[in-house]
Amino acid sequence: MPSEGRCWETLQALRSSNKGRLCYHRDWLLRGEDVLEECMSPPKLSSYSGWVVDHVLPHTQENPLPSETSPSSRSTSALDQPSCVPKCPVRNSAFSPASPATPNGTKDKHESQHTESVVLQSSRGIKVEGCIRVYELVHRMKGMEGLRQWQEEQERKVRALSEMASEQLKRFDERKELKQHKEFQDLREVMEKSSREALGHQEKLKAEHRHRAKILNLKLREAEQQRLRQAEQERLRREEGQGRLRSLYALQEEVLQLSQQLDASDQHRDLLQIDLAAFRTRGNQLCSLISGIIRATSESGYPTAENQAEAERALQEMRDLLTNLGQEITRACEDKKRQDEEEAQVKLQDSQMQQGVEVHKESPAPSQGPGGKQSEDLQVKVQDSTMQWYQQLQEASTQCVLAFEGLTSSKDSQAKKIKMDLQKAATIPVSQISTIAGSKLKEIFDKIHSLLSGKPVQSGGRSVSVTLNPQGLDFVQYKLAEKFVKQGEEEVASHHEAAFPIAVVASGIWELHPRVGDLILAHLHKKCPYSVPFYPAFKEGMALEDYQRMLGYQVKDSKVEQQDNFLKRMSGMIRLYAAIIQLRWPYGNRQEIHPHGLNHGWRWLAQILNMEPLSDVTATLLFDFLEVCGNALMKQYQVQFWKMIILIKEDYFPRIEAITSAGQMGSFIRLKQFLEKCLQRKEIPVPKGFLTSSFWRS
């Protein structure tokens, strides 16, 4: 029938389509219940089947029938087959065959709306489906049988391999156990052998140890005996050294007493008109000699027999000197007495003549020193006016300490806190002074001035003022002056350029607060008596340590500081003093005079040249003073200054050289070379670090 042939042609077309050429998977049963349901349900044609039958198949057949193109034959052919054609719901227009991609490019709206699915039930198709399923079942059974046989074969192989591996493992364990047993036996034999060797070596070491122990015991006993002998020798040497040191101190004390007796002979000089300068000069040299011996021995340890012998010779010479002086005085007294008797006789014989006049032979006048004294007859003691000024400053310092004694001795925690705050506010700004910019220096000066003026200042994050305690101002003035001098003793001694910024601040504070300046001088004179200048005398009954402290030495635990450190401190304080007298605060009142100006420096230089030089000290202080202040004195005094320099070179240098030992010539040579260079150039150079106008603009 034509309709039956068209159905097979439709199936042939479907088989040749893309979906019909899809591969068939054998595991389709594993896809799930939905797939199985599709297989169990009768096959359905796609909604595209009608379109394929109407449009594709007529073009692919070789002998097309006229009835294939008519819609009536197409509809009746489907009805002739013993099949039911239920209608399926209308598909989305997106999946309709009537799309723009059709060969004729037209859209059949009628077919897209009434497309139906045709259920095909054919005996031949059912047979084919049955054959396919039978083939699949047979193929599946064959595969399952083959898989089962393969699994059994693999299980047999695995069991065989497992048994073989088990046997091999047993053999391996047996060989391993045998090897371990052999190794254990070998190890035990080796250990036994090494143990026997170790025991033999240990016995040998014990024998050697006993032998060495005997030798060491002998050496230890010898070393202990030697140590005891050395300790005994050291003890004897120490006792002998201490005895020599005590003897040296006793010799020094006796020499100082004899020196005082030489000083007491000044009254005979005025009475008898005799020159005692040579005796005093030699006495000072002997005192300096013994002091140098004691300083040298204190640095090196204990004095030797040579040191003691030298000191004894110096003492004996001092005694001989005093004896000769007594003889000179006695002879001068006798001459004076005889002269008086002769004059009395002349008066009696010639009563009509004029009264006798003392006749003095004219002799060239010796060169006058800066203080008006003869250079051949120098002093040892300071002038009375200078000594009175020195004592007034020390009394003012003592009264200042008594004024704030209540603040320092108070047990109250608040008072202690105020004291600490005031001390920090006074000393910390001074510690910050250095060769910094002028603007920073002005800030420090303003802070110190505000503190002394009673204004609150910031210190340690707190506001501090001298008005917090009635004794606060006295305390701050004293501590401030003490700190200025301490900076000279420490900072200026190490860095000479620091003298000028510290001095300019001190000079400015001195000008605005005169009491601070007096306290600065008091502290300076106490720590450095040579800044007066003042040579303290040894008094009877005074302890040697106290006398050394009066001279400016630091004494700790009965040990005097080394001479180099002493000279370094004295140099720093003299440099600070020389800088203060020539500098003024640039922002102060220029119409007022300097509170302690260059005239005091001229006075100091004149007085120190009128006094006997001290070994190593005088040369050092003169060099430091002239290097810092020499240029200012040259500009101020001009010709008179150069006269004084020539006096130092011609008259004072020989005196310094006479009392200076060979080991202390460094300071003398340095001073001599400095002055010779200045005389050659006819100019004292500006000191290094001097504050110029550019410093204050920075």
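A polar contact is a pair of N or O atoms within 3.5 Å, and inside a protein one of the two must be able to donate a hydrogen while the other accepts it. In this predicted model, the side chains of Ser667 and Asp616 make just such a contact, at 2.9 Å. Ser667 sits in helix 22, which runs over residues 665–681. With sequence neighbours within four places left aside, Ser667 is in contact with Asp616, Ala619 and Thr620. Ser667 has a relative accessible area of 8%, and because anything under 20% counts as buried, this serine is buried.

Gln308 gives a second case of a polar residue tucked away. Its place is in helix 9, residues 305–349. The relative accessibility of Gln308 is 18%, so this residue also falls under the 20% cut-off and counts as buried. Once residues up to four places away in sequence are not counted, Gln308 touches Arg244, Ser247, Leu248 and Leu251. As a bit of background, an α-helix has 3.6 residues a turn, so residues three or four places apart point the same way.

Next come two helices and their lengths. Helix 14 takes in residues 472–494, 23 residues in total, and at 1.5 Å a residue it should span 33 Å. Its end C-alpha atoms turn out to be 32 Å apart, which agrees with that expectation. Even so, helix 14 has a kink of about 30 degrees, centred on Gly488. As for its surroundings, 17 of the 23 residues of helix 14 are buried, so the rest of the structure largely encloses it.

Helix 15 covers residues 499–512, and its 14 residues should span 20 Å. The end C-alpha atoms of helix 15 are 20 Å apart, so the expected span and the model agree. Helix 15 is likewise largely enclosed by the rest of the structure, because 13 of its 14 residues are buried.

Then there is a stretch picked out by a database record. An unreviewed UniProt entry carries the annotation "coiled-coil region" for residues 206–233. In the model, the chain over residues 206–233 is 100% helix and 0% strand. The C-alpha atoms at the two ends of that stretch lie 39 Å apart.

Last up are the cysteines. The structure holds zero disulfides. Cys287 is buried, as its relative accessible area is 12%. Cys528 counts as buried too, because its relative accessibility is 0%.

Methods:
Residues numbered from 1 in each chain as written. Predicted model: local features only at pLDDT ≥ 70, side-chain atom pairs only at ≥ 80, totals over all residues. Heavy atoms only, no water. Helix = DSSP H or I, 4+ residues; strand = E, 2+ residues; numbered from the N terminus. Buried < 20%, exposed > 50% of the residue type's maximum accessible area, 1.4 Å probe, protein only. Contact = heavy atoms within 4.5 Å. UniProt positions renumbered as here; feature names shortened; annotations may be inferred. Disulfide = S-S within 2.5 Å. Expected span 1.5 Å × (residues − 1). Bend = angle between axes of the 7 residues up to and from the residue.
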